[in-house]
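Trainee: Please take a single part of this model and examine it closely. I should then like to see how the rest of the structure is arranged.

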There are 2 protein chains.
Amino acid sequence: MQIISDPREMQKTAEKLRMKHQLIAVVMTMGALHEGHLKLIQLARKKAGTVILTIFVNPRQFGEGEDFHRYPKPFDNDAAMAKTAGVDYLFAPEAAGMYPEDFQTTIATGDIASRLEGEQRPGHFNGVVTVVAKLLHITKPHIAVFGEKDAQQLAVIRRMVDDLNFDVSILEAPLMREEDGLAISSRNRYLSIDERQEATVLYRALMAAEDLVRKGCRESDALIEAARDVIGSVPDTETDYISLVDAATFREVDQLQDNHDYRMLLAVRIGTTRLIDNHRLSP
Amino acid sequence: MQIISDPREMQKTAEKLRMKHQLIAVVMTMGALHEGHLKLIQLARKKAGTVILTIFVNPRQFGEGEDFHRYPKPFDNDAAMAKTAGVDYLFAPEAAGMYPEDFQTTIATGDIASRLEGEQRPGHFNGVVTVVAKLLHITKPHIAVFGEKDAQQLAVIRRMVDDLNFDVSILEAPLMREEDGLAISSRNRYLSIDERQEATVLYRALMAAEDLVRKGCRESDALIEAARDVIGSVPDTETDYISLVDAATFREVDQLQDNHDYRMLLAVRIGTTRLIDNHRLSP
């Protein structure tokens, strides 16, 4: 595995690979790799001859008061995991290399990014798509793999890729959960032992909604209420949002139709840690 | 010469050319081709084995009340000129193909686009860089040729290419003038015979400033005043701006330093036609 930090060097390397007709898949991460990331890498490995992993804790997607400065950066461990997982190139740039002085051109998301995470974290998705566009230009992949965990992010990125005519296939890797249902996330390591127990409440809330759907309920309000009740049962939690959206447009719906895909999304604070989760609902 | 209107087909064609190690140069236009465009095509021809010309009157770079609907669209003539000039692929998409329903992701320019044309035409440069980014993704060039005539546009595009890590070389083609100094532009065909005479005032204003610089003047105010006097001598004119900027940053300067590049830029209305021009000043 080769480690590259200079954007221009990574770009030249990627172009050379393309000129040799190599198929490139990229997995973009902020590091602090876990089993979820390894699944993304496995999927990339299966689809392409060359796998590029990017590790960059992008300052521009963190808002004020968010966890940019405490975000874990276990680089040596990440590099070892990446190598074991069969990554060919690890691209890990410095912030100064990605955002030189006088940097000023950004990408602006639209409707699909305006709600939920976009509403809670102003500027977040613009920061995400700007860095994703940069990383797509630098790593020149045929395939880019993203996780279902950040479902709205995935939808926002798909929209950008289509709107701006990027020539890349976006591949979705299914959300990974711990044994007890907690969605695997780098932020789980912020949780105390007690909080770690409580954090399963997100999954339980989603399952309560799914249960109701299976029993025939089609009312958004009732489904959201059911999820809210589960979360309310754990005292230390604060709910940022519980939302039920059309899986394609991310617009909220009142009523579920049969044979159509929806997604319930949650953002909940457990102590000082903000966790998100989501689950597909398909009546 | 092959004419393509489908973005996906153009992109596949460009990718195939790249896979055959063909060097691609693109010239992006809004059609209504003139001698200035032919110079851009000649330069592209000289630099690359494959030349792609794009013709697209981009609705998103026109403001309300601007000349989008009357912008000339002599497509057959353009195609004939392109063929004669040695263009290999003419990409001429429909607006619906470039901006499908639910299109929502755009590119946002920064400081360099905030003044002059950016101030006079709100949203203009965001529209420009968004379509340029799309066309770069669709035509996959190694080289993109732009004219010095739209000097601020060129600077804004260079900034976008650097900021978002596009892997393309931007080539500048010198501004072309008629015998009497009028900068060649598709909008010149809006001018009546009298206005066509008056329109040389932009060039004469720039030359008055250059003259003063040659005589030792280094004060922006005096140079702008000299240009303003020339324009004021023609009754039918209305000046949008006369500005003297650092050639690299497009920030206004008070005083010219020796051995540094500046640019004087003008936007002047002759009757209902808005013309721009510019000239490098290098004391």
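Mentor: The account below starts from one annotated position and then moves outward. The model is predicted: local features need pLDDT of at least 70, side-chain atom pairs count only at pLDDT 80 or more, and totals for chains, interfaces and linings use all residues. Residues are numbered from 1 along each chain as its sequence is written, chains are lettered from A and ligands numbered from 1 in the order in which they are written, and side-chain values use heavy atoms, with hydrogens and water left out.

The part chosen is A:H37, which UniProt lists for "active site" in an unreviewed entry; UniProt positions follow the numbering used here, feature names are shortened, and annotations may be inferred rather than shown by experiment. A:H37 lies in helix α2 (residues 35-47) of chain A. Helices are DSSP runs (H or I, at least four residues), numbered from the N terminus. A:H37 counts as buried because its relative accessibility is 10%, buried meaning under 20% relative accessible area with a 1.4 Å probe and protein chains only. Beyond its neighbours within four places in sequence, A:H37 is in contact (heavy atoms within 4.5 Å) with A:T29, A:G31, A:A32 and A:S186.

Turning to the interior, the largest nonpolar core has 92 residues, among which A:V132, A:L136, A:M160, B:V132, B:L136 and B:M160 touch the most other members. Such a core is a set of buried Ala, Val, Leu, Ile, Met, Phe, Trp, Tyr and Cys residues joined through side-chain atoms within 4.5 Å. B:V132, for its part, touches B:M28, B:F146, B:I157 and B:M160, residues up to four places away in sequence not being counted.

As for the chains, chain A can be laid on chain B with an RMSD of 0.0 Å by a turn of 180 degrees and a shift of 0.0 Å along the axis, which is the relation of a two-fold axis. The superposition is by least squares on the C-alpha atoms of residues with pLDDT of at least 70 in both copies. Of the residues of chain A, A:I107 comes closest to the rotation axis, with its C-alpha at 2.2 Å. The copies meet through the same surface, because 100% of the interface residues of chain A are also interface residues in chain B.

Finally, the structure holds zero disulfides over all chains, a disulfide being a pair of cysteine sulfur atoms within 2.5 Å. A:C217 counts as buried at 16% relative accessibility, and B:C217 is likewise buried at 16%.

How values were computed:
Helices (H or I, at least four residues) and strands (E, at least two) are DSSP runs, numbered from the N terminus. Buried means under 20% relative accessible area, exposed over 50%, partly exposed in between (1.4 Å probe, protein chains only).
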